[in-house]
Amino acid sequence: MSENNPNPQPTQPSSRQEARKKRVQEVLKFLKILGFPVSGGGVAGTIILLKNGQYELAAITIFVSILALVIAIGGKFISRVINRILDSIETELENLEEPLANWIVKLLKTFSIKLWWQLNPSFQRKYYDSLIDSFRELKIEGFRIGLPALDLENVFVSLRVKTGTPDNIHGVIIPSQIDEGDRQIWDFLSNIKQFLAYRRLAVIAVSGSGKTTLLKHLTLTYAKEKHQEYQAPKFIPILLYLRNIRHQIATENPPKLPQLIREHIQNLPADPPLILPPNWLEDQLKLGKCLVMLDGLDEVADSIEREKVSQWVNQQMTVYRTTVFILTSRPHGYLSNPVERVGTVLEVLPFNSQQVRDFIISLYRQNEIMRTGRKSPAVLSDAEKLANDLITRIEDNPAIAAMAKNPLLLTMIANAK
């Protein structure tokens with residue numbers, strides 16, 4: 001004889017029912033995250049959605065209602081149908097899992113790198129301070145004796161450039177013809193979004209035309225974050241001298257651009273040395289955030305090495321196609337080993353009479369300020385008198401005037417007095 005249980009326990013749902021409810025709840029939660037109405041409304045809500053032309057939402061509402069009905073009545077046939085639907089949904093979600101995860105990781109990586117650069121002003125400021133410390137003074141390569149320590153920013157005169165091809169660029173230090181152009185390098189940098197060819201520039205000029213000084217000026221301007229004065233986009237400036245890295249590039253397995261940049265930055269004058277996060281450079285280059293300046297293709301004297309360097313530069317421009325590159329060279333160096341990926345060749349034009357005047361006046365002003373330690377009206381007046389005297393003597397001598405069109409020769413003339 002069985003005993004009656006006065007307090008019967010409620011029937012426990014089967015594990016299959018629990019699994020089904022859990023899956024339904026997960027789908028409902030997913031739909032809610034996406035912003036679909038998953039509660040309330042019933043038939044009335046569906047009718048309202050249909051009247052408003054929101055057919056997809058109405059279909060989802062009906063589907064959700066069926067799910068709720070299945071949970072309530074546990075119909076076997078409908079349950080099997082719903083489970084098949086859920087299986088299909090689950091399969092599709094699994095197929096999306098990996099690409100969705102990769103997309104999220106990539107998004108977070110890009111965001112974290114950008115956030116690191118913005119929220120880590122110590123690195124950015126130290127890097128820029130190191131560049132300013134390195135390039136603040138006017139230094140003429142191969143000509144140091146007798147030059148005063150002058151601020152590059154205050155004596156720099158913007159170079160005039162024009163588009164052209166290397167074969168029609170004058171190969172002598174004092175050109176016989178003068179092309180009166182007035183475009184500057186900033187005119188090209190400010191339009192790189194409209195003209196992709198401007199993202200890979202080759203600046204070609206004869207000796208002493210100021211190619212290296214131009215790149216130093218660009219580096220200093222970006223380090224001081226004054227690029228907006230030229231309506232140019234923001235870039236991280238990187239200046240590499242090809243003569244210093246030619247031996248590494250000319251090897252059988254040359255290093256890639258990020259490695260050379262990393263070594264360059266770590267060797268900059270800074271205390272403590274600058275430390276870069278892993279893959280930071282690679283990502284900045286791929287995102288087109290850098291202005292990479294490669295100075296002096298012609299200064300790679302060995303023809304075999306220069307050919308390898310040219311090929312390496314071309315390869316880096318191909319790999320980092322969104323990065324902005326500026327390559328400088330004298331005509332013969334570029335003609336012998338042109339870089340195919342260069343989009344625009346610029347010729348640096350000789351100084352015109354106004355540039356000669358501006359340079360001499362700026363030079364004398366800075367010289368007097370540095371000599372006296374003052375920037376008073378009297379000091380500036382004396383500097384202007386000395387500058388005008390030299391300008392007159394240059395203009396009165398045609399041979400000297402021709403030489404003065406070359407920035408290097410003009411610097412020597414101004415310091416010879």
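Contact here means heavy atoms within 4.5 Å, and the model on show is a predicted one.

**View 1. Helix α12 and what sits around it.** Here's α12, running over residues 303-319. Its buried residues are Glu305, Arg306, Val309, Ser310, Trp312, Val313, Asn314, Gln316 and Met317. Among the elements covering them are two helices, α9 (242-249) and α10 (257-266), along with the strands β4 (290-295) and β5 (324-329). Strand β2 (200-204) and helix α13 (331-336) also belong to that cover. As for length, 17 residues at 1.5 Å a residue should span 24 Å, and the end C-alpha atoms are indeed 24 Å apart, so the two agree. Look at the start of α12 too: a side-chain oxygen of Asp302 comes to within 3.1 Å of the backbone nitrogen of Ile304.

**View 2. Helix α17 and its cap.** In α17 (residues 407-416), the buried set is Pro407, Leu409, Leu410, Thr411, Ile413 and Ala414. These pack against α14 (353-372), α15 (377-395) and α16 (398-403). Asn406 caps the N-terminal end, with a side-chain oxygen 3.0 Å from the backbone nitrogen of Leu408.

**View 3. Aromatic pairs.** The whole structure holds seven of them. One is Tyr127 with Tyr128, tilted at 40 degrees between the planes and 5.7 Å centre to centre; both residues are buried. Phe195 and Tyr198 make another tilted pair, 5.1 Å centre to centre with 40 degrees between the planes. Phe195 has 43% relative accessibility, so it counts as partly exposed, while Tyr198, at 13%, counts as buried.

**View 4. An aromatic cluster and a charge over a ring.** Trp186, Tyr222, Tyr230 and Phe235 gather into one aromatic cluster. Arg243 lies over the face of Tyr241, 4.8 Å from the ring centre.

Definitions and conventions: Residues are numbered from 1 along each chain as its sequence is written. This is a predicted model: local features need pLDDT of at least 70, side-chain atom pairs count only at pLDDT 80 or more; totals for chains, interfaces and linings use all residues. Side-chain values use heavy atoms; hydrogens and water are left out. Buried means under 20% relative accessible area, exposed over 50%, partly exposed in between (1.4 Å probe, protein chains only). Helices (H or I, at least four residues) and strands (E, at least two) are DSSP runs, numbered from the N terminus. A polar contact is a pair of N or O atoms within 3.5 Å; within protein, one must be able to donate a hydrogen and the other to accept it, and residues adjacent in sequence count only if both atoms are side-chain atoms. The expected span of a helix is 1.5 Å times one less than its number of residues. Rings of Phe, Tyr and Trp (its six-membered ring) pair if their centres lie within 6.5 Å; planes under 30 degrees apart count as stacked, over 60 as edge-to-face and the rest as tilted. A charge sits over a ring if NZ of Lys or CZ of Arg is within 6 Å of the ring centre and within 35 degrees of the ring normal.
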